[in-house]
Amino acid sequence: MAVELENAGAVAGPLEVERKSFVRADAVFKVVLGFFAFLVIVLLVWLGIDLYLSSREAFANAGFWNFVKGTTWNPVSQVFGALPFIYGTLVTSFLALLIATPLGIGTAIFLAELAPNWLTRLLQPLVELLAGIPSVIYGLWGIFVLSPLMANVVEPFLQNNFGYLPFFKGYALGIGFLTASLILAIMIVPFIISVSTEVLRTVPVPLKEGMYALGATRWETLKKIALPFARSGILGSIVLALARALGETMAVTMVIGNTPKITESLFQPGYTMAAVIANEFTEATYTSYLSALIAIAFILLLITLIVNAIARWLIWRTTRSL
Amino acid sequence: MADDKVVVGKTVLVGSGFSYWRRKISSGFFTALFSSSILVVLLPLILIVGYLFYKGAASVNINFLLHRPAPVGEPGGGMANAIIGSAYVVGIAALIGIPIGLFGGIFLGEFPHAKFSNVVRFVADVLNGTPSIVMGVFAYTVVVLPMKSFSVLAGGFALGIMMIPTVLRTTDEILQTVPNSIREASLALGVPYWRTVLSVILRSAKSGIITGILLAGARVLGETAPLLFTSFNNAFFSYSLTQPISTLPVQIFNYAISPYRDWHRQAWAGALILVLAILIVNLGMRTFSRQKYEHSA
């Protein structure tokens with residue numbers, strides 16, 4: 001690193017004056033940097049206040065709880081209830097989590113504990129690639145590949161074998177809760193994998209070595225040392241993935257069918273909070289309509305803030321020691 | 001049997017009551033289970049990327065890369081304006097996201113244990129997990145409504161604030177790996193602290209910081225949701241900051257949900273171009289981060 005000569009010369013000058021200006025310049029520098037860091041906090045607070053103020057009209061018209069509980073969404077008659085969207089968001093997210101969690105943890109264990117180094121180095125970028133593919137491309141694939149596959153193969157199969165369950169009743173459309181959940185699961189699995197792998201790597205090697213030295217098998221070491229040690233971090237990765245799923249927009253919009261209905265059948269089309277904002281925002285022709293959509297964004301923000309905060313807390317609890 | 005259990009002192013540690021072979025078999029079973037899950041995870045990746053190249057490669061042609069969209073019903077046309085538009089919006093986003101992320105990140109990296117730093121880190125992580133569509137709504141109320149028009153600026157604002165947490169956190173982490181001896185050497189030569197940070201520490205952390213910026217850029221390049229009602233769409237070539245503009249992800253979305261076969265074909269072509277662009281940025285990132293490791297070794 002090159003330290004310029006002018007500075008070296010400056011040191012040789014009248015030291016006391018130099019030192020004072022240094023101290024002042026450094027203090028200013030630190031304040032400027034701190035200001036930029038502070039902007040991040042400002043941004044989040046601003047975001048929350050801004051969305052709240054913009055959604056006040058919708059909450060004032062219906063009342064907060066009635067807005068949340070309302071099951072009718074009819075912009076023509078100016079009735080706005082957000083429940084079908086909240087329902088759709090929760091159902092697809094939890095179903096996606098149900099599919100993605102075992103796969104994600106299994107893969108993380110494989111990458112962190114079982115695979116030889118060269119294989120991990122080969123596979124990890126692929127998993128990252130899965131996380132890097134834009135949402136809209138998952139949606140594109142969902143419309144033209146997954147959705148026909150669901151309509152023609154997967155959903156008839158489920159219907160024939162498990163048709164007595166209420167989840168699998170109704171006409172197999174290929175678009176709806178199930179397809180959306182599947183796409184979501186594919187999209188959030190990389191988050192579970194990357195965070196869980198990282199957390200599993202923080203398990204102290206001597207603990208594992210001690211276990212092996214006592215004659216424990218691989219699975220016993222995992223079950224009794226690695227997994228308990230990493231438990232809270234792995235849980236954090238799942239909650240983090242949940243936050244992603246809750247806010248995921250494009251892919252879900254493209255395959256869920258966009259119908260504001262609450263049905264227990266997973267084959268039926270539904271709607272999510274993010275999807276209704278994406279679809280109807282530019283069509284909102286009067287202010288209370290726009291305000292209702294911003295109110296949904298505000299609720300979505302609140303939910304994801306809480307879920308994210310929980311996730312970060314869980315992950316920090318495990319990796320804090322680093 | 002002797003290998004029934006492992007006993008240390010009076011504590012039975014593992015496998016009490018199980019025979020050696022049962023333990024071996026259950027271990028093998030779980031190993032196989034975990035190993036197979038990676039295959040299930042990679043299967044959709046192979047399907048998606050494979051199908052993307054299969055459909056996209058057949059649809060990309062010189063017209064697609066050089067022309068703007070043809071009117072409805074007319075075949076042909078392309079996404080040239082959307083490709084330029086994406087670069088434009090991401091460029092504006094970088095102007096907003098990089099300074100805040102970089103300087104904020106320097107603060108965190110230089111004062112990593114301050115309580116304030118931990119709060120900022122937490123907020124940045126939470127902000128990182130905020131749905132992109134919410135960022136779009138935010139940009140709409142803050143930029144589009146006052147300006148009374150969809151614009152490049154609004155799209156850039158939405159993507160810019162999404163870049164901040166990534167740039168901030170990578171800068172933070174990279175600066176913490178810069179050895180203290182470098183810092184001290186510079187200070188001992190009488191270089192003021194601010195010069196030390198700007199010309200010594202930043203220089204040695206350069207490749208890591210660039211990696212973070214590229215990562216943030218690659219992530220927002222594929223974002224669709226925040227652009228739907230900020231930069232909106234435009235069928236023409238447009239370079240005005242205050243006018244709506246066409247971007248690749250939004251164009252792919254609009255074409256994908258359209259009823260026209262030719263537009264579907266172009267959606268695949270656009271998707272291929274978008275993924276290739278993201279892959280190229282990622283490859284660039286990898287070369288940079290490799291340099292980083294060589295540097296620290």
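## Exercises on a two-chain model

Chain A is divided into domain 1 (5-62) and domain 2 (64-319). Keep in mind as you work that this is a predicted model.

**Exercise 1. Find how far apart the C-alpha centres of the two domains of chain A lie, and describe the contact between these domains.**

Solution. Start with the centres: those of domain 1 and domain 2 of chain A are 37 Å apart. Next, look at the contact, where ten residues of domain 1 of chain A meet 14 residues of domain 2 of chain A. Finally, sort the domain 1 side by class: five nonpolar, four polar and one charged residues.

**Exercise 2. Now repeat the analysis for chain B: which domains does the assignment give, and how many residues of each are in contact?**

Solution. For chain B, the domain assignment gives domain 1 (2-59) and domain 2 (63-296). Their C-alpha centres lie 37 Å apart. Six residues of domain 1 of chain B touch seven residues of domain 2 of chain B. On the domain 1 side of that contact you will find three nonpolar, two polar and one charged residues.

**Exercise 3. Describe the contact between chain A and chain B: how many residues does each chain supply, and which helix of chain A gives the most?**

Solution. Begin with the counts: 75 residues come from chain A and 80 residues from chain B. Then turn to the chain A side, where helix 2 (residues 15-62) gives the most, with 17 residues. By class, this side of chain A holds 54 nonpolar, 15 polar and six charged residues.

**Exercise 4. Work out why helix 7 and helix 8 of chain B are called oblique to each other.**

Solution. First take the geometry: the axes of helix 7 (residues 180-188) and helix 8 (residues 193-204) of chain B come within 10 Å and cross at roughly 140 degrees. Angles over 145 degrees would count as roughly antiparallel, and 65 to 115 as roughly perpendicular. Helix 7 and helix 8 of chain B are therefore oblique. The crossing of these two helices is right-handed. As for the residues involved, helix 7 of chain B contributes I182(B), R183(B), S186(B) and L187(B), while helix 8 of chain B contributes Y193(B), T196(B), V200(B), I201(B) and S204(B). Together they divide into five nonpolar, three polar and one charged.

**Exercise 5. Decide whether helix 10 of chain B is mostly covered or mostly open, and list its buried residues.**

Solution. Helix 10 (residues 248-256) of chain B is mostly covered, with eight of its nine residues buried. Those buried residues are L248(B), P249(B), V250(B), Q251(B), I252(B), F253(B), Y255(B) and A256(B).

Methods:
Residues numbered from 1 in each chain as written. Chains lettered and ligands numbered in written order. Predicted model: local features only at pLDDT ≥ 70, side-chain atom pairs only at ≥ 80, totals over all residues. Domains from an automatic or database assignment. Nonpolar A, V, L, I, M, F, W, Y, C, P; charged D, E, K, R; others polar. Helix = DSSP H or I, 4+ residues; strand = E, 2+ residues; numbered from the N terminus. Axes fitted to C-alpha atoms, helices over the stretch in contact; angles between N-to-C directions. Parallel < 35°, antiparallel > 145°, perpendicular 65-115°, else oblique. Left-handed = near helix turned anticlockwise from the far one by under 90°. Buried ≥ 20, exposed ≤ 12 C-beta atoms within 10 Å, placed from the backbone.
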